[in-house]
Amino acid sequence: MAGRLEPPQGAESAPFWEATRGGTLLIQWCSACNRGIFYPRSFCPHCLAMDGVLEWRTASGRATVYAASVEHKPAAGGSTFSDGQPYVVALVDLEEGVRMMTNVVGCTPEDVHPGQAVTVTWEPLSDGRQLPLFTPS
Ligand SMILES: [Zn+2]
């Protein structure tokens, strides 16, 4: 879909984005406090541990909708990836315990609700990376 703003790739998030090329969803994991981290960063937001304790784990791709809202009028001149159609902006909780902001696709927007089981799906970006979106399981 043309027009979507493509996410920047910083040093901390490079492994995440490289993995999306093969359709693998990675999450950062803190081995000090054994918790997942999203978005990727250089320290653990839970226990403030830094380099040496952060690793990458492959996520199952299974998640549950925490909250969802339907965007009926995409901002003019902004993101036009939905071609003007309503789309769902959602917070989903991955099985691994991290919360991501994403879009839920492949269903009627009004049908997306908290507690709904969703699975990762991929939207190709122009440079070969893929954007993780979610679709009802
Ligand atoms: Zn930690």
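Visitor: Is Glu55 buried, partly exposed or exposed in this structure?
Guide: In this predicted model, the class follows from the relative accessible area, with buried meaning under 20% and exposed meaning over 50%. Glu55 has a relative accessible area of 31%, which therefore makes this residue partly exposed.

Visitor: Which residue does the side chain of Glu55 meet in a salt bridge?
Guide: A salt bridge needs a side-chain nitrogen of Lys or Arg within 4 Å of a carboxyl oxygen of Asp or Glu, and for Glu55 the N to O distance is 3.2 Å. The partner has a relative accessibility of 35% and counts as partly exposed. The residue that meets Glu55 in this way is Arg57.

Visitor: How far apart are the closest N and O atoms of Arg21 and Glu18?
Guide: Arg21 is partly exposed, with a relative accessible area of 38%, and Glu18, at 40% relative accessibility, counts as partly exposed. Arg21 forms a salt bridge with Glu18, and the closest N and O atoms are 3.1 Å apart.

Visitor: Is Arg129, which forms a salt bridge with Asp127, buried or exposed?
Guide: In this salt bridge the closest N and O atoms are 2.8 Å apart, and Asp127 is partly exposed, with a relative accessible area of 36%. Arg129 has a relative accessibility of 5%, and because buried means under 20%, Arg129 counts as buried.

Visitor: How many salt bridges does the count come to?
Guide: The pairs described so far include Glu55 with Arg57, Arg21 with Glu18 and Arg129 with Asp127. By the 4 Å rule, the count of salt bridges comes to 5.

Visitor: Which residues are the protein donors of the zinc ion?
Guide: Along the chain, the donors follow the spacing C-x2-C-x10-C-x2-C. In each case the donor atom is SG, lying 2.3 Å from the zinc ion. The donor residues are Cys30, Cys33, Cys44 and Cys47.

Visitor: What is the arrangement of the 4 donor atoms around the zinc ion?
Guide: Four donors count as tetrahedral if all angles lie between 85 and 135 degrees. The ideal angle for four tetrahedral donors is 109.5 degrees. Here the 4 donor atoms subtend angles of 106 to 114°, so the arrangement is tetrahedral.

Visitor: Is the zinc donor Cys30 buried or exposed?
Guide: Another of the donors, Cys33, has a relative accessible area of 26% and is partly exposed. Cys30 has a relative accessibility of 0%, and because buried means under 20%, Cys30 counts as buried.

Visitor: How many disulfides does the structure hold?
Guide: A disulfide would need a pair of cysteine sulfur atoms within 2.5 Å. Among the cysteines, Cys107 is partly exposed, with a relative accessible area of 27%. The number of disulfides that the structure holds is 0.

Visitor: Which residue is joined to Phe38 by a cis peptide bond?
Guide: Most peptide bonds are trans. The bond that follows Phe38 is cis, with omega at about 5°. The residue joined to Phe38 is found in the loop between β2 (35-37) and β3 (54-58), and it is Tyr39.

Visitor: What is the phi of Asn34?
Guide: Most residues other than glycine have a negative phi. Asn34, in the loop between β1 (26-30) and β2, has a positive phi although it is not a glycine. The value for Asn34 is about 60°.

Visitor: What accessible area do Phe43, Leu48 and Met50 have together?
Guide: Leu48 lies in the loop between β2 and β3, has a positive phi near 65° and, at 59% relative accessibility, counts as exposed. Met50 is found in the loop between β2 and β3 and counts as exposed at 53% relative accessibility. With Phe43, these residues form a nonpolar patch on the surface, and together their accessible area is about 310 Å².

Visitor: What distance separates the C-alpha atoms of Ala14 and Pro40?
Guide: Ala14 is placed in helix α1 (residues 14-20) and, at 22% relative accessibility, counts as partly exposed. Ala14 and Pro40 are 26 residues apart along the chain, and their C-alpha atoms are separated by 8.9 Å.

Notes. Residues numbered from 1 in each chain as written. Predicted model: local features only at pLDDT ≥ 70, side-chain atom pairs only at ≥ 80, totals over all residues. Heavy atoms only, no water. Donors = N, O, S within 2.8 Å, 3.2 Å for Na, K, Ca; no water. Tetrahedral: all angles 85-135°; square planar, octahedral: opposite > 155°, others 65-115°. Buried < 20%, exposed > 50% of the residue type's maximum accessible area, 1.4 Å probe, protein only. Helix = DSSP H or I, 4+ residues; strand = E, 2+ residues; numbered from the N terminus. Patch = residues over 30% accessible without salt bridge, like charges linked within 9 Å, V, L, I, M, F, W, Y side chains within 5 Å. Areas by Shrake-Rupley, 256 points an atom, 1.4 Å probe, with all protein chains shown as cover.
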